[in-house]
Every structure is written in structure tokens, then in C-alpha cells.
Amino acid sequence: MSSDNRETIPAARPAIGDEEIEAVVRVLRSGRVVQGPEVAAFEEGFSELVAGRHCVAVNSGTSALHLLLLALGIGPGDEVIVPSFSFAASANAVRLTGADAVFADIEPGSFGLDPAAVEAAVTPRTAAIMPVHLYGHPAAMDKLMPIAEKHKLAVVEDACQAHAASLNGTPVGAFGSGGTFSFYPTKNMHSLEGGMITTADAEVARTLRLLRNQGMEQRYANEIVGANMRMTDVAAAVGRVQLTKLAGWTEQRRANAAYLDAHITAPSVTTPPVSEGARHVYHQYTIRVRGDRDAAMAKLTEAGIGNAVYYPTPIHRLKPYWEPDQKAGRTWDLPETERAAAEVVSLPVHPSLGADDLERIVAAVNALGENL
């Protein structure tokens, strides 16, 4: 509750309606609950979001990243250039293959990889670049793809927060060697839990299908070493319903963001810019706060405005990365990453917000004033 006894506006709110519940019941009654017709139909439907690419459904966004890297042949001795300003799963997937994550700095506006920093990070061991379309804003793919082509590198798009985002008319997930999406409950659409891999390469798609299913296409005819990373038909049924709602939800998120852009005027706050040609889908509406961020968040919380920091600690400072780098004497110069981690705050932007909610968010943010 807020200080005036009004309900707190949550920072995120999973959407589960009667249609999703009915879809789950239908699948449970069918008896086909794992890697069946619902999964195939979900893959086919999702393909329309990514310019007709092959789609392979798995059990999480992290699994999607991990399996795509494996299918592209990334492994020990390789380096993958990733942003440190992201969820740890981006770099974890690289480490799980045995490859090394090399951290490059970000652009201050999009929060995506800075192409100049990527170019400077390329070494003879570099095998891939992993752009992250953070908060729903596409990374600078128009500049990153030529770098990859120049150095003959794979491009693995982490689009786990960017369903239906695009740059210059091309959807994310359709630029690189492959893309990955997450269907965690608070994402722009979900399947309770799950992930999707996209690729234009039919052989890569087949390898992905083997990897997610113990290396089998035919039962007990294992062709490669794989794992169990299948999506259930229950999850796929929810995802199929959510897919029909995504366009409307996306436009509502964008409309909510436009309202916040137009009405937030606090001098201590910078609203999220959008790059030319980018279609931002606002998984998060992320402002920058100059001054005492903790004090600002406390004031927002007191006013009943849900808020959160994604992400307070850059990946290169997390224990699994920091300690080995310290032992190896390796340091990272990432000033924009450090600045973003110290300044960002995400506000509610989800499609269930009403006009009163938006007015309350604006009033609370503008009350932060100039000096914190």
C-alpha cells in the first residue's frame, strides 16, 4: 500500500486470462502434454514474428541461448563478445559451452552493445557477438552486422526482452545467425516458462531439435549428445494464446510509454530515448536518475509506485566472473555500463495500467524534483 492507502502499482504483472486457463485444461485432457502438436503449432505461429525463420521451442530463454551457441559450434577456446549490462543468463550461456565471455561497453541511449567497443574487443579467438535487445529496445544491428561480416563471426541475438521489436523494419531475431526469446511470466508474452530459438539455417534448426531432445529425432536413435530441454504442450498452449494478444499488448505498452515520455518533467530524471528506426516494445520503461537513486526509489515506493533496478551489478562484477578475472589479472573498462548500473530505475509500463495509474506514476516521478 502507498502512504495514502492506495494499492501499489506493480512494476510488472503476469497476464493469465480465461483463454490461457482453458487452453491448459484442453491440453491436459488430451493426454498429449510434452513436445506434441501444441509445440509445433506454437513454433509455426511464432515464425511469423521473425520473418518466417525456423523456430525451435525449448524450456527457457537460458536454454535457448545455450543450445543456439552449441548448435553454432561455440565451445572451449572461443570468445563471445557480450554486454556486461544484462541479466547474467547472457554470459552464463557462453560459459556453459566452455567459451569465454568478453565484455564490451554499451551505448548510453539504447543500452545495447556499442559497435565501436565491439570492434575493439575482437581477437583471433572471437567466434561470436551476442547483442542484447535490452528492455525491448533493439541493439544497433545495422552497425553490428557489418562488424560480424568483416570478421566472419556468428551473431547470437538475445531478444529475450524484445518480442516484436524491430529496427528499420526488420524484426529482432531475424538479423543474426540465430535469435533467442524468453517466455518467463513477466515478459511481454509468456508461456508460464519457456524459450524460442530462431534461425534461417535449416541444418542449425535440425541440430537444435536434436540438442533439446537427447540428440534424438527418432526415438532411441540418438545422433548426437543432447539434453532434455523440451517445451511442454501445456506451456506451448499458453504461448499460442498469448501470441494472439501480443500485438495489442505491445501497442498498449508503447502508448503507456508515450504518455510517460510526454508527462515526466522532473529535472533529475531522463526518460528512455529511442534510436532512429527502432521500434521499442518496452519490456521495461527505464529512466535514469541523477543523484541519490535509493532515495528516489524509496519515494516512489512510498507513493505506491512499483519500481526496480535491472541490473544493479554488471555481470563482470558478479562473483563467477569477477573472481576468475581478478586471478587472471584481467580488467574491463566499461564506463557506460557502470554509469547505467548506478542510474537506471524501471517503472511500470505493462498493458494492464489504467489512466489513473499512469497519472499516479507521473505525479510520483515529477515529485522527485531537481535535487536528490
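Two cavities of 30 Å³ or more turn up when the whole structure is searched. Keep in mind that this is a predicted model.

Let's take the largest cavity. Its volume is about 70 Å³. Which residues line the largest cavity? Start with Ala11, Ala12 and Arg13. Then come Thr186, Arg253, His283 and Gln284. Leu347, Pro348, Val349 and His350 complete the lining. By class, the lining of the largest cavity has five nonpolar residues, four polar and two charged.

Now the second largest cavity. About 50 Å³ of space lies inside. The second largest cavity is lined by 13 residues. Closest to its centre are Phe111, Tyr135, His137, Pro272 and His280. How many of the residues lining the second largest cavity are charged? None are: the lining has seven nonpolar and six polar residues, and no charged ones.

On to the pockets. The largest pocket has a volume of about 460 Å³. Its lining counts 23 residues. Find Phe87, Gln161, Ser182, Lys187 and Tyr311 in the model, as these lie closest to the centre of the largest pocket. Two elements, α3 and α4, give two or more residues each to this lining. Which element gives the most? That is α3, with three residues. By class, the lining of the largest pocket divides into nine nonpolar, eleven polar and three charged residues.

Next, the second largest pocket. It holds about 160 Å³ of space. There are 15 residues in its lining. Nearest the centre of the second largest pocket lie Arg13, Pro14, Ala15, Trp249 and Pro351. You have met Arg13 already, in the lining of the largest cavity. The lining of the second largest pocket has six nonpolar residues, six polar and three charged.

Back to α3 and α4, the two elements from the largest pocket. Each has a helix partner to look at. Two numbers help here. A packed pair of helices is described by the angle between the axes and by the distance between them.

First pair: α3 and α7. Helix α3 covers residues 61-71, and helix α7 covers residues 202-211. They pack at an angle of about 125 degrees, with their axes 9 Å apart. That angle makes α3 oblique to α7. The crossing of α3 past α7 is right-handed. Who makes the contact? On the α3 side, look for Leu67, Leu68, Leu70 and Ala71. On the α7 side, look for Val204, Thr207, Leu208 and Leu211. Sorted by class, this contact has seven nonpolar residues, one polar and no charged.

Second pair: α4 and α10. Helix α4 runs over residues 89-96, and helix α10 over residues 319-328. Here the packing angle is about 60 degrees, and the axes are 11 Å apart. Why are α4 and α10 called oblique to each other? An angle of about 60 degrees is not under 35, so not roughly parallel, and it falls outside the 65 to 115 range for roughly perpendicular. Therefore α4 and α10 are oblique to each other.

Now the residues of this contact. From α4 come Ala91, Asn92 and Arg95. They meet Pro320, Tyr321 and Pro324 of α10. By class, the contact of α4 with α10 has four nonpolar residues, one polar and one charged.

To recap the helices: α3 packs with α7, and α4 packs with α10. Both α3 and α4 also give residues to the lining of the largest pocket.

Methods: Residues numbered from 1 in each chain as written. Predicted model: local features only at pLDDT ≥ 70, side-chain atom pairs only at ≥ 80, totals over all residues. Heavy atoms only, no water. Axes fitted to C-alpha atoms, helices over the stretch in contact; angles between N-to-C directions. Helix = DSSP H or I, 4+ residues; strand = E, 2+ residues; numbered from the N terminus. Parallel < 35°, antiparallel > 145°, perpendicular 65-115°, else oblique. Contact = heavy atoms within 4.5 Å. Nonpolar A, V, L, I, M, F, W, Y, C, P; charged D, E, K, R; others polar. Left-handed = near helix turned anticlockwise from the far one by under 90°. 1 Å grid on protein atoms, 1.4 Å probe; cavity = no way out; pocket = protein on both sides within 12 Å on 5 of 7 lines; lining within 4 Å. Points joined across faces, edges and corners; volume = space filled by probe spheres on them.
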